[in-house]
Amino acid sequence: MTALSEKRSQQRSQQQSQQQSEQQPGHLNASARAGSSPGRTDAAGGSDRSAAEAAAATGPDGTAPGPEAPVLSVRDLRITDRAGDREIVHGVGFELTPGKAVGIVGESGSGKTLTCRAALGILPPHVEVSGGSVHIAGTDIADLTPRQWTALRGSTVSAVFQDPASYLNPSIRVGAQIAEVVRVKTGRGRREARRRGLDLLRAVHLRDPELVYSQYPFELSGGMLQRVLIAAAIAAGPRVLIADEATTALDVTVQAEILDLLADLREQTGLALVVVSHDLAVIAQVCDEVLVMRQGEVVEHGPTAQVLHDPRHEYTRLLVAEHEQYGLDRFRAPEEETR
Ligand SMILES: Nc1ncnc2c1ncn2[C@@H]1O[C@H](COP(=O)(O)OP(=O)(O)O)[C@@H](O)[C@H]1O
Ligand SMILES: [Mg+2]
């Protein structure tokens, strides 16, 4: 291992242990992996899907929003810990249209994960949205019932987190777990769910989908597991995928492959992405636009190329300088090279 990659991997493992203690992942039922609250099962998800989907997919007059209408719109979002009577996130805003990718970068504890969890309706106990708004496909999430949330997660907005192994049941074969998500989220029968499950494993570029389908999680590498989780997350055709430190636990090469996969999905399906990382290089590889967060505030927000080349805020300059040591250039999107 080179000194450079060693440093990166040290940083990652520090981040990882911190994140694990924050997120306390447990072994979850398959349906929980499609973006629902950890520990929660939503076997009834299929039954109320149509109502919430209709609420999310259509405007007040029943017409579908135009192609450029934002699929996710976060305005001046404030998040407060009621237990500690402390505002944690102090006004985050961004808009995400289909096929776009927004990055959120910042040091650990800056409020990235809570911002994502607010958009997924899975804030921890005592932690609440205390100001601003989140609209998913035109619907204000403040108006959603728990049933509508259950239906929306996975089918409109979905997520992948760090540490994929903890989201899979270790004693159930991967294929059965994917098929379960497909059945619950799309209401398909067993045979159809199996076919769709295999298609999904193919879609995330797993080399031998039939083999992976029949394997147990422990038989797969971290990178393969993360692909499996992405397959589960896209099973119901969401319009927004939130990837919160989704590649942080992986080595640099596998990380780059997973980011390529997300970029592919985005191009092929118009999936909109929120990519969260403490690592500017990850954001640089995928995102059109970046928010730099520090201590619950957005200190800088702009097109990725502009923020990388001409950072305005002291803290962003520091992040960029830190990453230049690792050769940020190789992560830059091709279009930036022509500017
Ligand atoms: N369940 C919780 N209750 C109270 N405070 C929390 C909770 N989860 C996170 N926080 C606090 O909110 C802040 C932001 O956390 P988080 O969004 O996880 O940051 P990031 O993802 O940027 O590392 C941190 O100070 C953290 O301690
Ligand atoms: Mg986090």
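These legends describe close-up views of a predicted model.

**Figure 1. The protein chain as a whole.** The chain runs to 339 residues, and 52% of them count as buried. Its secondary structure comprises 13 helices and 10 strands. Many contacts link distant parts of the sequence. Among contacts with a separation of 6 or more, 72% join residues 24 or more positions apart. The exposed surface of the chain is about 14,700 Å². Carbon and sulfur atoms supply 49% of that surface.

**Figure 2. The shell around ligand 1.** Ligand 1 has 14 residues around it. Gly109, Gly111, Lys112, Thr113 and Leu114 come nearest. By class, the shell holds four nonpolar, five polar and five charged residues. Helix H3 gives the largest share, three residues.

**Figure 3. Polar contacts to oxygen atoms of ligand 1.** Backbone and side-chain atoms both take part. At Gly111, a backbone N or O atom sits 3.0 Å from an oxygen atom of the ligand. At Lys112, the side chain places an N or O atom 2.8 Å from a ligand oxygen. At Leu114, the backbone again supplies an N or O atom, here 2.9 Å from an oxygen atom of ligand 1. Taken alone, ligand 1 exposes 560 Å², and the protein buries 75% of that. Two elements give two or more residues each to the shell: strand S2 (86-96) and helix H3 (112-120).

**Figure 4. The largest nonpolar core.** This core has 89 residues. Leu72, Phe94, Ile136, Ile178, Val228, Ile242 and Val274 have the most contacts inside it. Helix H8, residues 222-233, gives the largest share of the core, with seven residues.

**Figure 5. Ile242 and its contacts.** Ile242 belongs to the group with the most contacts inside the largest nonpolar core. Residues up to four places away in sequence are not counted here. On that basis, Ile242 touches Cys116, Ala119 and Leu120. The list also includes Val157, Ser158, Ala159 and Val160. Val274 completes the set. Val274 is itself named with Ile242 among the core residues with the most contacts.

**Figure 6. Ser155 in helix H4.** Ser155 lies in helix H4, which spans residues 146-155. Is Ser155 buried or exposed? Its relative accessibility is 4%, so Ser155 counts as buried; the cut-off is under 20%. The side chain of Ser155 reaches back to the backbone oxygen of Ala151, at 2.3 Å.

**Figure 7. Gln215 in a loop.** Gln215 sits between helix H7 (209-213) and H8, in the loop that joins them. Gln215 counts as buried because its relative accessibility is 13%. Which residues does Gln215 touch, not counting those up to four places away in sequence? They are Arg173, Val174 and Leu220. Ile172 is 43 residues from Gln215 in sequence, yet the two C-alpha atoms are 8.6 Å apart in space.

**Figure 8. Arg266 in helix H9.** Helix H9 covers residues 252-269 and contains Arg266. Arg266 carries a charged side chain by class. Its relative accessible area is 15%, so Arg266 is buried. Neighbours within four places in sequence are left aside in what follows. Arg266 is in contact with Gly99, Lys100 and Ala101. Contacts also include Leu271 and Leu273. Val286 and Asp288 are in contact with Arg266 too.

Terms used. Residues are numbered from 1 along each chain as its sequence is written. Chains are lettered from A and ligands numbered from 1 in the order in which they are written. This is a predicted model: local features need pLDDT of at least 70, side-chain atom pairs count only at pLDDT 80 or more; totals for chains, interfaces and linings use all residues. Side-chain values use heavy atoms; hydrogens and water are left out. A residue is near a molecule or strand if one of its heavy atoms lies within 4 Å of it. A polar contact is a pair of N or O atoms within 3.5 Å; within protein, one must be able to donate a hydrogen and the other to accept it, and residues adjacent in sequence count only if both atoms are side-chain atoms. Accessible areas come from the Shrake-Rupley method with a 1.4 Å probe; for residues, only the protein chains shown count as cover. Helices (H or I, at least four residues) and strands (E, at least two) are DSSP runs, numbered from the N terminus. A nonpolar core is a set of buried Ala, Val, Leu, Ile, Met, Phe, Trp, Tyr and Cys residues joined through side-chain atoms within 4.5 Å. Buried means under 20% relative accessible area, exposed over 50%, partly exposed in between (1.4 Å probe, protein chains only). Contact means heavy atoms within 4.5 Å.
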